[in-house]
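Dear colleague,

Please find the structure below, handed over for your use. My notes on what was found follow it.

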Amino acid sequence: MLESDAAPLSRADFARLGDLHTRSIPGSLPELLGPRYSKSLYRFLASSRQELLLVERLEGQVESACVVSLEPETLFRRLLLGTLPPLVGAGLLGLRRRAFRRYLRSLLKEKLSGGKSSDLPAPAIVYVFTSAESRGSGLGARLLDRAAAAMATQGHEAIYVKTLSDPSNRALAFYEREGYQRRRELLEGGQTFTEFARPLAARETS
């Protein structure tokens, strides 16, 4: 599913999304693999029937984006299959980076340990970011409201998101201001995340 404020996403929009993602979400797999892979990632997300891609523009340029998944538990596997050629190339280059090798080791260890799944319940916001120049302008909050409204319209009772549990992470307070409630701690790629849930039924239909 694809939704944007002004027009269907163009080649330049996908390049912009890939670049913004890698500059906005350090430590995420797309950031570790680089903007070229991230561009392919957003092409996949835009064409996926299990994901909703929302963007906010300023003067025609994408400045903020939000991805909601209706099947977060299968997203990683679907990404592997759907972006395989660019993933292989980016992965080979990524092996030169210590951070990427550390991420792979941590991920493999977690999968083999049989620990609790780090997947969020559905529907889940898997990515949300705003360009450095436009942060504080309300674009991110607007995207969260649009995502919540879309999921409430489909009959969901809550929407979920996770963010790094680091006390210096301003997203923790941001989600709480936007009506999200803390639920549990998750481990992914050697990092600890806090899971949040935002109730929808009463808030989005009032």
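A residue is called buried here when its relative accessible area is under 20%, exposed when that value is over 50%, and partly exposed in between. By that cut-off Glu56, at 1% relative accessibility, counts as buried. Please bear in mind that the model is a predicted one.

Salt bridges

The structure holds 10 salt bridges. Three of these pairs are described here.

Glu56 is paired with Arg142 in a salt bridge, with 2.9 Å between the closest N and O atoms. Because Glu56 belongs to strand 2 and Arg142 to helix 7 (residues 139-153), this pair ties together parts that are 86 residues apart in sequence. Whereas Glu56 is buried at 1%, Arg142 has a relative accessible area of 42% and is therefore partly exposed.

A second salt bridge joins the side chains of Arg78 and Glu51, at 2.8 Å from N to O. This pair also links distant parts of the chain: Arg78 is found in helix 4 (residues 72-82) and Glu51 in strand 2 (residues 51-58), 27 residues apart. How do the two partners stand with respect to burial, buried or exposed? Arg78 has a relative accessible area of 13% and is buried. Glu51 has a relative accessibility of 0%, so it counts as buried too.

The third pair is Arg183 with Glu195, whose side chains meet in a salt bridge at 2.0 Å, N to O. Arg183 lies in strand 6 (residues 181-188) and Glu195 in strand 7 (residues 191-199), so parts 12 residues apart in sequence are tied together by this pair. Arg183 is partly exposed, with 45% relative accessible area, while Glu195 is buried, at 0%. Elsewhere, salt bridges that share partners connect Glu56, Arg142 and Arg146 in one network.

Positive patch on the surface

Which residues gather in a patch of positive charge on the surface? They are Arg98, Arg101, Arg102 and Arg105. Of these, Arg101 can be placed in helix 6 (residues 98-113). Its relative accessibility is 33%, which means that Arg101 counts as partly exposed.

Surroundings of Ile159

Ile159 is located in strand 5, which covers residues 158-164. Why does Ile159 count as buried? The reason is that the relative accessibility of Ile159 is 0%. Leaving out residues up to four places away in sequence, Ile159 touches Val68, Pro123, Ile125, Ala147, Ala148, Met151, Tyr180, Phe196, Ala197, Arg198 and Leu200. With one of these, Ile125, the separation between C-alpha atoms is 7.4 Å, although Ile159 and Ile125 are 34 residues apart along the chain.

Surroundings of Asp13

Asp13 is part of helix 1 (residues 11-24). With a relative accessible area of 9%, Asp13 is buried. Apart from neighbours within four places in sequence, Asp13 is in contact with Pro8, Arg57 and Val62.

In looking over the model, you may wish to begin with the network of Glu56, Arg142 and Arg146, and then turn to the contacts of Ile159.

With kind regards

Methods
Residues are numbered from 1 along each chain as its sequence is written. This is a predicted model: local features need pLDDT of at least 70, side-chain atom pairs count only at pLDDT 80 or more; totals for chains, interfaces and linings use all residues. Side-chain values use heavy atoms; hydrogens and water are left out. Helices (H or I, at least four residues) and strands (E, at least two) are DSSP runs, numbered from the N terminus. Buried means under 20% relative accessible area, exposed over 50%, partly exposed in between (1.4 Å probe, protein chains only). Contact means heavy atoms within 4.5 Å. Patches are made of residues with over 30% relative accessible area and no salt bridge: like charges are joined within 9 Å, nonpolar side chains (Val, Leu, Ile, Met, Phe, Trp, Tyr) within 5 Å. Accessible areas come from the Shrake-Rupley method with a 1.4 Å probe; for residues, only the protein chains shown count as cover. A salt bridge is a side-chain nitrogen of Lys or Arg within 4 Å of a carboxyl oxygen of Asp or Glu. Lys and Arg count as positive and Asp and Glu as negative; His and the chain ends are not counted. The place of a charge is taken as NZ of Lys, CZ of Arg, CG of Asp or CD of Glu.
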